[in-house]
2 protein chains.
Amino acid sequence: MASTLLYEDLAGRLGAQIRRGLLRPGERLPSLRRLGRQERVSIATAVEAYLRLEREGLVEARERSGYFVRAAALRPPQARLPRLQARAPQALRNPALLDVLDVLSREDLLPLHVTTPAAELLPVRAIAAAASHVLRRDPGLALAYGAPQGLPALRECIARRYLHCGVEVDPGEVVITAGAMEAITLALRSVTRAGDVVLIETPTYYGILQAIAALGLRAIEVPNRVGAGIDAAAVRAVLARHRVAAAVLVPNFNNPSGSLTGEDDKRAIVAACGEHGVTVIEDDLYGELAYTGERPPPLRRYAGSTSVITCSSYSKTLAPGLRIGWALAGAHTDAIVRAKCFSSVATASLPQRAIAEYLARHDFDRALRRLRRELAANSQRWRDAVRRHWPADTRVSEPAGGMTLWLELGGGVEGQALLEAGAARGIGCLPGHLFSLRGDYRGHVRLGLGLAWTSRIEDGLRVLGRLADTLARRGAHKRTRP
Amino acid sequence: MASTLLYEDLAGRLGAQIRRGLLRPGERLPSLRRLGRQERVSIATAVEAYLRLEREGLVEARERSGYFVRAAALRPPQARLPRLQARAPQALRNPALLDVLDVLSREDLLPLHVTTPAAELLPVRAIAAAASHVLRRDPGLALAYGAPQGLPALRECIARRYLHCGVEVDPGEVVITAGAMEAITLALRSVTRAGDVVLIETPTYYGILQAIAALGLRAIEVPNRVGAGIDAAAVRAVLARHRVAAAVLVPNFNNPSGSLTGEDDKRAIVAACGEHGVTVIEDDLYGELAYTGERPPPLRRYAGSTSVITCSSYSKTLAPGLRIGWALAGAHTDAIVRAKCFSSVATASLPQRAIAEYLARHDFDRALRRLRRELAANSQRWRDAVRRHWPADTRVSEPAGGMTLWLELGGGVEGQALLEAGAARGIGCLPGHLFSLRGDYRGHVRLGLGLAWTSRIEDGLRVLGRLADTLARRGAHKRTRP
C-alpha cells in the first residue's frame with residue numbers, strides 16, 4: 001500500500017507541475033532511473049507514476065525517447081464571442097491598422113509575421129519556365145495590353161477548376177484582378193456605397209478591415225469561433241436586426257484563426273443573406289489549402305439565388321509576386337470589370353499568360369499536394385515549438401488548413417509587446433489587435449506557416465517563446481509589487 | 001497680257017475649288033498636259049497657274065509626282081472655350097463613358113480607337129530578354145511579393161531619369177503602381193473625399209473622368225486649347241471662384257488633343273494652385289513622347305511649395321501589358337503607399353524586375369528615339385490620309401507629341417455616327433463626347449497613332465474618311481429636304 005501511495009503522490013506532484021506550466025508541453029520528463037534517484041523511489045514506482053499520468057492524458061510515451069508532457073496540453077485560444085446585442089455597426093476604430101504596413105514592410109525580420117508561401121514550397125522553376133516560354137513564343141503579346149476582364153484562357157482554367165468542388169462557373173463571369181484583395185475591393189465598390197454597413201467576422205484578415213475603412217463603410221462583427229468557424233446563428237441574428245449591404249466572409253481557413261466553417265453553417269449563412277438581399281463577398285484565398293487535401297466548398301456552392309462573389313488568387317498557391325487573383329462575379333460582372341478598368345485599366349498580361357501556360361503544361365495538383373503537405377507539417381512543427389518553448393498557458397489554434405497559427409498569450413502579455421520585443425531581436429510576429437474592428441485580441445499573435453522549415457525558424461520560434469515568458473514574468477512582477 | 005489673265009483666271013477657279021473643298025487636301029491636281037487640254041490653255045499657262053497657287057500656299061509640287069492640294073489646307077479643330085462664368089462644378093453626366101469599355105474591348109476592329117503603341121514600335125525583344133534573365137537568375141525572387149511601395153532599384157531608375165528635365169526626385173517618394181491610371185486614382189483617393197470638387201481640363205482623357213466619377217467627386221472644366229494647351233488664366237479664374245480640392249491636368253500632350261501647355265502657363269498654373277492650397281495631380285504619361293525629342297518638363301518642375309503629384313508609366317514607352325506606372329508622391333507618399341497596399345497589396349514583382357533589368361542593361365533612350373520618330377511619322381501619315389480621303393472641312397490637330405490625333409468632323413457629322421459606321425466596317429475610332437464631363441465634342445473623333453504603318457492602316461483611314469463623307473452627304477440631304 002505504501003508504494004501505491006508513493007506513486008500516487010509522485011503522479012499528483014508531477015501533474016500539478018504540468019498544470020501550472022512548470023513542466024511544459026513537449027518537455028521531456030526525467031528518465032525512470034533519474035526520477036527514481038531524484039524522488040528516492042524505486043523505478044517501479046516511477047513507472048507507475050508515469051502510467052498514471054499517461055492515463056490522465058498529461059504525458060505520453062515516445063518510443064525509445066521516454067516520457068513527454070503531452071501535446072494535448074495545448075489548448076486552443078478562447079472564442080471570445082462578442083455580445084451581439086451590445087454591438088452596433090461602426091466605422092473602423094483601430095489606429096493600429098495604419099501601422100501594420102510598417103511591420104509588413106520590414107525586410108530585416110525573420111518573416112514569421114507574414115503569410116507568404118516561401119519559394120521552396122512553390123513550383124517556381126516550372127512557373128518561371130512557363131513565363132520564359134510565353135516570352136519566347138510571342139514577346140509582343142506577352143507585353144501588350146490585355147482585355148480589362150482578363151485573359152480568356154486563364155478565365156477558363158479558373159472556371160474549370162471549380163468543378164472539382166461542385167461549383168459550376170461560367171468563364172464569362174470570371175474577372176482577373178491584381179490578387180484577391182483587389183477582387184474584394186472591386187466587389188465592395190460594386191455593391192456598396194460609403195456609409196453602408198458590411199457584415200464581417202471577428203477575427204478577420206486586416207486587409208478586409210482596411211478595404212472597408214478605405215471605402216468609408218461601417219461594419220458589424222459576428223464571431224468566427226476558433227476551430228468551428230463562422231456562426232450562422234449569429235449571422236441570422238445580425239441580419240434580423242440591422243440593414244446590411246454586403247457580407248465579407250472567410251469561411252475556408254480564416255486568417256488568422258485557420259478555422260473552417262462547417263457545411264451546415266455555410267448553407268445557413270448563404271440562405272440568411274439571400275433572404276435579406278445581402279450580397280456575399282467570399283474570401284476563398286485558402287480554400288485549396290486543406291491539410292487533408294479535401295477542398296472545402298466555397299459559399300458559392302450553396303448560392304442558389306443568393307448573390308455570392310467568390311474572390312481568390314494564385315498568391316498563396318503559385319506565385320505571390322505575380323499578383324493574379326479573380327472574382328467569380330456573377331450578375332456583378334459588368335460592374336466589376338468597369339470598376340477594374342476605371343481604376344487600373346487591366347491586369348498585367350505577362351503574369352496572366354505565365355500562369356495560364358503553367359496550368360496548361362504542368363501538374364498544379366501535384367504542386368498543391370506538396371504545398372499542403374509542407375503546410376500541414378509546418379503547423380505541427382510550429383505547434384511543437386510552441387509546446388516546447390512558449391509559456392505553458394499559451395493557447396494555440398490547431399488549423400485544418402491555410403497558412404496561419406493563432407496564439408493567445410498567457411500571463412497578460414500583449415501581442416504588441418511581443419511584436420516589439422521580437423522585432424528588437426530580428427523576429428517578426430503580428431499582434432492580434434490588427435484582426436478586428438476595434439482592436440480586440442490584444443493578447444493574441446498570429447504566426448505565418450508558409451516558411452521553409454529550418455533551424456533558423458525553430459530558433460526564431462524559441463526566442464519568441466522565451467520573450468513571451470520574460471514579458472509574462474515582468475508583468476507578474478509588476479502586478480505583485482506593492 | 002491675255003496669257004496673264006488666262007493663268008490668273010485659271011488659278012482663281014482652281015483656288016476656289018480648293019477652298020470650297022471640291023479639290024481636297026492631299027489630292028493630286030491634273031498634270032500640266034491634262035490641265036492644258038481640259039482648260040484649252042497652253043502648258044505654259046498651266047505652269048503659271050500652278051505657280052501662282054503655290055505662292056498662295058494652296059498647292060505644293062512633289063518631285064516627279066506633280067502638284068497636290070497642300071497640307072496647310074488642314075485646319076486645326078476649333079477651340080471651343082467653355083464660357084467659364086456659366087460653368088459650375090458638377091458630377092459626371094456623361095452616360096457614354098459607361099459604354100467606352102465595350103468599344104475598347106472589341107478585338108475585331110482595326111484599332112484606330114486605341115492609344116497603345118504596337119509591339120513593332122517597342123523594344124519587345126529586349127524587354128522579353130530582360131524578363132527571361134530575371135526569371136533565370138532568381139525565379140523565387142521574381143515571383144515573390146515585393147514591398148507595397150515597389151522595387152527600390154526601379155524607383156531609383158525613375159527618380160534618376162527626371163534629372164534629364166531638371167526635376168530632382170527622391171527615390172523615397174516614388175511609388176510603383178499598376179500603370180498611370182492607378183497612380184492617378186490613388187493620388188485622388190489620398191487628397192480628396194467624395195463630394196469634393198476637382199479641376200480638370202476639357203477635352204481630357206476619359207479615364208480621368210471615370211476615376212472622378214468612381215470616387216464620387218465633382219469636377220469643373222477649364223479649356224485645353226488645341227495647339228496651346230491649358231489656359232492658366234482660366235485656371236486662376238476658376239480657383240478664385242470655386243473651392244477646389246485637387247487639379248488633375250495633362251499638360252504634356254493632352255489626350256485627345258495632343259496639345260502641349262507652354263512653360264509660362266505651366267508655371268502660372270502651379271503658382272495659382274499653390275496660392276489656393278490645391279494639390280496638382282499631373283498625368284505625364286506622354287511627357288517622353290515629344291516629336292522633337294525635347295522632353296517638356298512636367299508641372300513638378302515648377303512646384304516650389306505647391307504640392308504636385310506627377311503620375312506616369314512605361315505603358316506608352318516600353319510595355320503596355322506590364323502595367324508598371326508610378327507616382328512622384330512627395331508629402332503624400334505614405335498615404336499613397338497605404339492606399340495602394342489596402343487596395344491591391346503591391347504591384348507585381350516580375351514586371352518591375354523585368355523593367356529595372358531592361359533599364360540597367362539596354363538603351364532606353366535609343367528605344368525612345370525610335371518610338372518618337374515613328375510616332376512623328378505616323379502623325380504625318382495619318383494627317384496625309386485625312387487630307388486625301390476625308391471631307392475637306394475636316395479639321396485636324398497637329399500634335400507635337402503623344403499618341404493621338406483629334407479631328408473635328410465637318411457637315412454636322414457626329415463622332416458616334418462615325419464610330420458606328422466604322423465599327424460596321426471593322427474599323428475603330430473614339431467619339432469626341434467621351435472626353436468631357438457633359439459629352440461635349442459630339443462632332444469630334446480621336447484616332448490613335450501607335451500602330452505600325454501598313455496599307456491596312458491606310459485603307460482603314462480611307463474608309464473612315466469615305467464614311468464621314470457619306471454621313472455628311474446624308475445629313476446635308478436630310479437638311480435640304482422640304
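Q: Before we talk about the domain contact, what does buried area mean here?
A: Buried area is the accessible area, taken with a 1.4 Å probe, that two parts lose on being put together, summed over both. The values below come from a predicted model.

Q: OK, so how much do domain 2 and domain 3 of chain A bury between them?
A: Domain 2 of chain A and domain 3 of chain A bury about 2,900 Å² between them, and 57% of that area is on carbon and sulfur atoms.

Q: Which residues of domain 2 lose the most area there?
A: On the domain 2 side of chain A they are Pro256(A), Tyr291(A) and Asp363(A), which together make up 26% of what that side buries.

Q: Where do the domain bounds of chain A fall?
A: The assignment gives domain 1 as 2–73, domain 2 as 84–93 + 122–363, and domain 3 as 365–480. The C-alpha centres of domains 2 and 3 of chain A are 27 Å apart, and their contact takes 35 residues from domain 2 and 29 residues from domain 3.

Q: How many salt bridges cross that interface?
A: The rule finds three across the interface of domains 2 and 3 of chain A, while a search of the whole structure finds 45 over all chains.

Q: What about Lys340(A), which side chain does it meet?
A: Lys340(A) meets Glu182(A) in a salt bridge at 2.7 Å, N to O. Lys340(A) lies in helix H12 (residues 333–344) and Glu182(A) in helix H8 (residues 179–191) of chain A, so the pair ties together parts that are 158 residues apart in sequence.

Q: Are those two buried or exposed?
A: Lys340(A) counts as buried at 1% relative accessibility, and Glu182(A) is buried as well, with a relative accessible area of 5%.

Q: Switching to chain B, what does Asp265(B) pair with?
A: Asp265(B) forms a salt bridge with Arg225(B), with the closest N and O atoms 3.0 Å apart. Asp265(B) lies in helix H11 and Arg225(B) in strand E5 (residues 218–225) of chain B, so this pair ties together parts that are 40 residues apart in sequence.

Q: And strand E7 of chain B, which way do its side chains point?
A: In E7(B), residues 246–249, Ala246(B) and Val248(B) point one way and Ala247(B) and Leu249(B) the other way, and all are buried.

Q: Which strands does E7(B) pair with?
A: E7(B) pairs in the parallel sense with E4(B) (residues 197–202) over three bridges, and with E8(B) (residues 279–283), also in the parallel sense, over four bridges. From E7(B) the chain crosses through helix H11 (residues 263–275) of chain B to E8(B), in a right-handed β-α-β crossover.

Conventions
Residues numbered from 1 in each chain as written. Chains lettered and ligands numbered in written order. Predicted model: local features only at pLDDT ≥ 70, side-chain atom pairs only at ≥ 80, totals over all residues. Heavy atoms only, no water. Buried < 20%, exposed > 50% of the residue type's maximum accessible area, 1.4 Å probe, protein only. Helix = DSSP H or I, 4+ residues; strand = E, 2+ residues; numbered from the N terminus. Pairing = 2+ DSSP bridges. Right-handed = clockwise from strand over helix to strand, strands pointing away. Domains from an automatic or database assignment. Contact = heavy atoms within 4.5 Å. Salt bridge = Lys/Arg side-chain N within 4 Å of Asp/Glu carboxyl O.
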